[in-house]
Each structure stands twice: as structure tokens, then as C-alpha cells.
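Visitor: Hi, I've got this one open on my screen and could use a hand finding my way around. Mind if I fire some quick questions at you?

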Amino acid sequence: MNVWEARWLRAFHMLYYACLALGLILSSGEGTGEGTGEHTAPGPLTLGIAALMAGWHGFFVARRPHLLGRANPMAFHLAVVCALYIALVMRDRSFDVVVFGLMPQPYLLLPRPWSYVGAVATVLSTFAARGYLDDPNALWRLVGSSGLVVAIGLFVDYVSRQSAQNRTVGVLEERARLAREIHDTLAQGLSGIVTQLEAAEQAMPDLSAVQKRIALAKELARDNLQEARRSVDALRPGPLAGAGLGAALAEVAARWSRTSGVAATVSVEGTPRPLSGEVGTTLLRAAQEGLSNVAKHAGAGRVAITLTYMDDEVTLDVFDDGAGFDPDVRGAGYGLAAMRERAGGVGGTLTVESAPGEGTALCLRIPSN
């Protein structure tokens, strides 16, 4: 049981007791005593029944939340409370108000579909307590009241199921987000570290070259550790903290150029303006993924990144002069799929233009309003 469910449960218990207390107040203020017609306080028997209703609910229901939703023994407890309610109202009609605390009980105590049966039984109890069953039209009134109570229960059940489905969807979306974060930070960083260590191994016994590669691997490891911590804390990506998007892209490109040995340039067109954290993250991650793909597959000699601010959208273009590929051939990599998911999450689109031997151009477009 989560916090909100516990709060709702306490609220319905409080409603039950508040209705009992209100019945006592009404009975004392304008009551009829023990059926004499006089304005007297409720008698000992009436008070005893009310106290028994309160005690029974407190001991067998409120103090046993782990049993809620089980037909056995909660159906028995509901039957006892309904019987006590009938006896109470037959002695003093001021306790009619208890029905407002009684009606939610079947949905708290019983599992579906038995809760609907319990709700109809509760309505029947109110008719019996008020003496309506002797009325020739009681059947139609009973059907109408039962239908209304069941309809309310169905509506509440539907809302609860929708809330549960929304929570499930939220969990799945969060898992997908974490998968993208892991791919965009840890996987790319570890891949770069492995590349530098392999280059260091190949450079032996040239000590200076080996030291250079190890230094780059250490730098990547530190940056990757920082990114991992920021992802866990659900913060914005490291390069974006305290820097504009253009500067962050330049930093990422410069670091990538040092580790890959491929020249990467960054240009900003249009008038820069503040972007939401999610949009900035999406653009930065797209650039990182584009550079990672170039290092893994393209064999390029040059990469150009262009960030363009337009009136109605922001675009990011990543172009390389590498080997290229056929975009229509379905690949096994996660990178482009993750980029498209990120783009869709902020209302953007990703297009890929490439052909074997002609390089690759990625274009990410995100509406600005």
C-alpha cells in the first residue's frame, strides 16, 4: 500500500466515524429519544449500538488493513456493520447520516466483483432500516439506488485502473530514459576509453605516445564518471551545467577530436536563446551520438556540427565525410533508435541522409513553441 492509498483509507475511516458522531449530535439536538416522540438524549441502547458500530469497525477493519480486499472475513464484518446500522436507524432516524460513511465500505472491504454485491446489500440495508421495503414502489427505488451505487463503484474502479496503467507507463518511460542515458554516457565513454587503451597498446614501445593515450583515457574516465553521477541525480548533462548549448557542443567536439584524431568544428547560426533543459539535453546527446557513430563506423576525416536557431524551431546538423551507409537497411545499433526516441519526447524529428561513400548527415529538428 503506497502513501496515497493509505491516506485515502484513513479518510474513509474518518468519514465513517464522522458520520456516527454527526448522528449522535443530531440525535441529541433534535432527537426523539427511544421512540417516545419527546426531545430527549439518545437512550442507553441507542448509544450502545452506536458504540458497538464504532468499536467493531475500529477493531476488525481499521486495525486490520492487511485483510482489506479479502472476501473472508471482510464480508462477515460488513454484514455485522449493516445489521447494526439497521438496528440503529430503526431506533433513531437521526442516524440516517451514517449511510454516507457506510456506502464506501463495500469497495474498501471486498474484492471485485464481490464489492458490487456488497454495495447492493448495503443499499438494501438502508431501505430496511427506513422501512421502505413495505412500499409497493420499493423495488424500483431499490433498483435505481443500487444501479447508482454500482455505477459509482465502476467509475471509481475505472479511475483506479487508469491510474495504475499510468504508473506502469511512467515506469516503462523511465526505464527507456535510463537506457538512453546509459547508452549516451556510460557506453560511449567506455567505448572511448577502450579505444584509447588499444591505441596505447599499439603505440608501444613509444613511451610518449603511450602516455598521451593513457592520459586521454583517464580524462574520458573522469568525464564519464561525472556524467554517470549527474545521470543518477537526474541533473542536466555535465557540459550544459554553467554553459550555453553552443559552448557545450564546442567542448564535446573538442574533447572528441582529441580522442579520435578527427577534426570536428562547431558553428552556431541565428540568435541563440534559452532552451528548456530537456531540449538542450536532447540536442547535446544527439551531437554526442553522431560523433560516436563517426568514430565507430565512418572513418571520416572531418566532422561539422551546426546549431541553428530559427523563429519556430532549433535544428542540429551533424555532417561527416566518411564511408556513409544505406539508411534504408535496418541496423542493429541502439544509437539512432535512442536519438529518435529522444527527439520524439520533445516533439522533434530526426532525419538521416547518407549513401555508401558519400558521408552522412544527421538533422534533428525541434519546434521552439
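Visitor: Let's jump right in: are helix 9 and helix 10 roughly parallel or antiparallel to each other?
Guide: Roughly parallel. Keep in mind that this is a predicted model. The axes of helix 9 and helix 10 (residues 277–298) cross at roughly 20° and come within 10 Å, and an angle under 35 degrees counts as roughly parallel.

Visitor: Which hand does that crossing have?
Guide: The crossing of helix 9 and helix 10 is right-handed.

Visitor: And which residues of helix 9 and helix 10 meet there?
Guide: From helix 9 you have Leu245, Ala248, Leu249, Val252, Ala253 and Trp256. They meet Gly280, Leu283, Leu284, Ala287, Gln288, Leu291, Ser292, Val294 and Ala295 in helix 10. By class, the residues of this contact split into 12 nonpolar, 3 polar and no charged.

Visitor: Which residues of helix 9 are buried?
Guide: Leu245, Ala248, Leu249, Val252, Ala253, Arg255, Trp256, Ser257 and Thr259. As background, an α-helix has 3.6 residues a turn, so residues three or four places apart point the same way.

Visitor: There's an arginine in that list. What is arginine 255 in contact with?
Guide: Leaving aside neighbours within four places in sequence, arginine 255 touches Glu219 and Asp223. Its relative accessible area is 14%, so arginine 255 is buried, the cut-off being under 20%.

Visitor: How does the span of helix 9 compare with what 1.5 Å a residue gives?
Guide: It agrees: the 16 residues of helix 9 (residues 245–260) should span 22 Å, and the end C-alpha atoms are 22 Å apart. Just after the helix, glycine 261 takes a positive phi of about 80°.

Visitor: Where else does a glycine just after a helix take a positive phi?
Guide: Look just after helix 6, where glycine 131 has a positive phi of about 75°. Helix 6 (residues 114–130) has 17 residues and should span 24 Å; its end C-alpha atoms are 25 Å apart, which agrees.

Visitor: Staying with helix 6, which of its residues are buried?
Guide: The buried ones are Ser115, Tyr116, Gly118, Ala119, Thr122, Val123, Ser125, Thr126, Phe127 and Ala129. Of these, Gly118, Thr122, Ser125, Thr126 and Ala129 are among the helix 6 residues that meet helix 3.

Visitor: How do helix 3 and helix 6 cross?
Guide: At roughly 20°, with axes that come within 8 Å. They are therefore roughly parallel to each other, and helix 3 passes helix 6 in a right-handed crossing. On the helix 3 side, the contact uses Leu78, Cys82, Tyr85, Ile86, Val89 and Met90. Its residues divide into 8 nonpolar, 4 polar and 1 charged.

Visitor: And helix 2 with helix 3: at what angle do the axes cross?
Guide: Roughly 165°, and the axes of helix 2 (residues 44–62) and helix 3 (residues 71–91) come within 9 Å. That makes helix 2 roughly antiparallel to helix 3. The crossing is left-handed, and the contact has 16 nonpolar, 2 polar and 1 charged residues. Among the helix 2 residues that meet helix 3 are Thr46, Ala50 and Trp56, while Tyr85 and Leu88 are among those on the helix 3 side.

Visitor: Now a loop residue. Is phenylalanine 95 buried or exposed?
Guide: Buried, with a relative accessible area of 0%. Phenylalanine 95 is in the loop between helix 3 and helix 4 (99–102). Leaving aside neighbours within four places in sequence, its contacts are Leu20, Gly23, Leu24, Ser27, Thr46, Ala50, Tyr85, Leu88 and Val89. The C-alpha atoms of phenylalanine 95 and threonine 46 are separated by 9.8 Å, though the two are 49 residues apart along the chain.

Visitor: What about the peptide bond from asparagine 72 to proline 73, is it cis or trans?
Guide: Cis, with omega near 20°, and proline 73 is in helix 3. The bond from arginine 112 to proline 113 is also cis, with omega near 0°. Proline 113 lies in the loop between helix 5 (105–109) and helix 6.

Visitor: Last one, zooming out: how many helices and strands does the protein have?
Guide: There are 11 helices and 5 strands. Of the 369 residues, 40% count as buried. Residues 24 or more positions apart make up 66% of the contacts with a separation of 6 or more.

Methods
Residues numbered from 1 in each chain as written. Predicted model: local features only at pLDDT ≥ 70, side-chain atom pairs only at ≥ 80, totals over all residues. Heavy atoms only, no water. Axes fitted to C-alpha atoms, helices over the stretch in contact; angles between N-to-C directions. Helix = DSSP H or I, 4+ residues; strand = E, 2+ residues; numbered from the N terminus. Parallel < 35°, antiparallel > 145°, perpendicular 65-115°, else oblique. Left-handed = near helix turned anticlockwise from the far one by under 90°. Contact = heavy atoms within 4.5 Å. Nonpolar A, V, L, I, M, F, W, Y, C, P; charged D, E, K, R; others polar. Expected span 1.5 Å × (residues − 1). Buried < 20%, exposed > 50% of the residue type's maximum accessible area, 1.4 Å probe, protein only.
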